[in-house]
Amino acid sequence: MAIERYTGLASVLETIRWEEGITQATLTDQVGLGRSVVAERVAELEQIGLIHSPGRAPSTGGRTAKLLSLNAQAGYVVGVDIASNEMVISASDLAGALLGTRHRELCDVGEGPARILDQVNVIIQEVVREQGHNNMLGIGVGLSGPVNFDTGTPVGVPVLPGWDDYPVREEFAARWPVPVWVDNRVNLLALAEIESNPRAAKAKHLLYFGAGAGVGAALITDSRLYRGSHGLAGSIGHVAVPEAGVVACRCGRTGCLEAVTSGWAIERDGLMLAETGRSPYLAKVFKESGRVRAYDVTLAAEHGDAAATELLSRTAALLGSSLATLVSFFAPHMLVVGGGIARAKDIVLKPIQQAVLERLPSTGAPDLIVELSAIDEQVGGVVGAAQLVLGELFSKQNLPGLLARLTEPLKRSLEQDQKQDQGPVTEDLSA
């Protein structure tokens, strides 16, 4: 009976979450439960404050129907995005809207997880002080590279040296009395994409490819993130690709996709262009700063630097030919390319589109949409982290814990009211 109750509650909550201002009659039709059951579930969710009524539907001549919406102010979640060179921490309401965002550069990711997570927790404390400790309902963490979703630990992450098998989820859970989920940040960027991009939201099957310091893919199927075994689906950064030849990769092998398409690969090749003088723009950057970033290569191309433009176009073509294999296998409605490489816009988009379509059979993907990410990557990770937490919190598996947490203040309030109604207890001295 309890299972049926939570299944019904989760179904009602999920429908209201995605359909702002739905009537109870429409809700009943969509969730497929009886009217009395839906009424009970709605009343329960209203009582604890997870949903509320923003008003009534327009009159059609009879009694107007009450509208139902998620109460976004019933609590908040914290999102943490740890990339190779920066971290972003935010609070988001229960509709996923950002309430405040903090950005910190990571000067040396090689400091190791313990010191970096200490910094993250200090910032979370600041967020909690602003938003209120009792209303925090969960934490979502994104890391660069593959993550075992079952255990919340990173797996084989050359982008973050020293992080392999580190108990990230356990460390957060030990410090904060709320559930914690840890995932690959490419998965979170994909969740942010379908949350923020209407075209992506309509794509029932979507392939998201993130090319930043590392590379990885995320699969959206039937409008849900597909994780595969242990949450490791999409970990393609170190698969061998013919175009990479014998190029050395940071993982210790040669010929990896990441070795020729990642941000650090672009930095490596951009540095060579600067040192040889083939790119005047990058040579100047290197002379002034002592380094060449992937973003510098993009800026050089935007300023008409031929060598930088050629480097980005070649990288994009290699990327497109590799993605064609994934597109053939997965057959998505839409392919989105995000991460740092997306900053180069048309310089990389056209070569990617051309390479993908050239490798596909003529009937392989007649309506495939190929485009660059529409989200701001700096906040995309925390937007996706919030969506991860909300999706998990509102699931039938985790809903009992969420309801218990939200019900506790209500119980304390009722107990306080009862004490006040009873009045002070006085001793009878006349006996």
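Which residues in α4 are buried? The legends below take up that question along with several others, for a model that is predicted.

**Figure 1. Helix α4 and the elements it packs against.** Here is the answer to the opening question: Pro113, Ile116, Leu117, Val120, Asn121, Ile123, Ile124, Val127 and Val128 are buried in α4. These buried residues pack against β4, β5, β6 (98–105), β7 (136–143) and α5 (168–175). The helix itself covers residues 113–131, and its 19 residues reach 26 Å from the first C-alpha to the last, close to the 27 Å expected at 1.5 Å a residue. Do look just past the end of α4, where Gly132 takes a positive phi of about 105 degrees.

**Figure 2. The whole protein, to set the close-ups in context.** With 15 helices and 15 strands, the protein has C-alpha atoms that fill a box of roughly 100 × 55 × 35 Å along the principal axes. Of its 431 residues, 50% are buried. Among contacts with a separation of 6 or more, 62% join residues 24 or more positions apart.

**Figure 3. Ser90, a buried residue of strand β5.** The strand runs over residues 86–93. Ser90 has a relative accessible area of 0%, so it counts as buried. Leaving out residues up to four places away in sequence, Ser90 touches Val77, Val78, Gly79, Leu98, Gly100, Thr101 and Val382.

**Figure 4. Asn71 in the loop between β3 and β4.** The loop follows β3 (67–70) and leads to β4 (76–82). Asn71 is buried because its relative accessible area, 17%, is under the 20% cut-off. A polar atom of the Asn71 side chain lies 2.9 Å from the backbone oxygen of Gly49. Beyond residues up to four places away in sequence, Asn71 touches Gly49, Leu50, Ile51, His52 and Leu94.

**Figure 5. The largest nonpolar core and a second, separate one.** In soluble globular proteins, nonpolar side chains tend to be buried together. The largest core here has 52 residues, and Leu27, Leu50 and Leu206 have the most contacts inside it. A second core, separate from it, has 43 residues, including Val292, Ala307, Ala342 and Val356. Zooming in on Leu206, and leaving aside neighbours within four places in sequence, you will find contacts with Ile194, Ala200, Ala218, Leu219, Ile220, Phe330, Pro332, Met334 and Val336.

**Figure 6. Helices α1 and α14.** Each of these helices has 17 residues. Helix α14 spans residues 377–393 and reaches 24 Å from its first C-alpha to its last, close to the 24 Å expected at 1.5 Å a residue. For α1, the reach is 24 Å, again close to the 24 Å expected. Helix α14 is mostly covered, with 13 of its 17 residues buried. At its N-terminal end, Asp376 acts as a cap: a side-chain oxygen of Asp376 lies 3.0 Å from the backbone nitrogen of Gln378. In α1, the buried residues are Tyr6, Gly8, Leu9, Ala10, Val12, Leu13, Thr15, Ile16 and Arg17.

**Figure 7. The second largest pocket and its lining.** This pocket has a volume of about 860 Å³. Its lining holds 24 residues, and those nearest the centre are Glu14, Arg17, Ser223, Arg224 and Gly391. Two or more lining residues come from each of α1 (2–18), α6 (185–196), α7 (198–202), β13 (224–226) and α14. Arg17, one of the residues nearest the pocket centre, is also among the buried residues of α1.

Technical notes: Residues are numbered from 1 along each chain as its sequence is written. This is a predicted model: local features need pLDDT of at least 70, side-chain atom pairs count only at pLDDT 80 or more; totals for chains, interfaces and linings use all residues. Side-chain values use heavy atoms; hydrogens and water are left out. Helices (H or I, at least four residues) and strands (E, at least two) are DSSP runs, numbered from the N terminus. The expected span of a helix is 1.5 Å times one less than its number of residues. Buried means under 20% relative accessible area, exposed over 50%, partly exposed in between (1.4 Å probe, protein chains only). A polar contact is a pair of N or O atoms within 3.5 Å; within protein, one must be able to donate a hydrogen and the other to accept it, and residues adjacent in sequence count only if both atoms are side-chain atoms. A nonpolar core is a set of buried Ala, Val, Leu, Ile, Met, Phe, Trp, Tyr and Cys residues joined through side-chain atoms within 4.5 Å. Contact means heavy atoms within 4.5 Å. On a 1 Å grid over the protein atoms alone, a cavity is a set of points where a 1.4 Å probe fits but cannot get out, and a pocket is an open set with protein on both sides within 12 Å along at least five of seven lines; lining residues have an atom within 4 Å of a point. Grid points are joined across faces, edges and corners, and a volume is the space filled by probe spheres set on the points.
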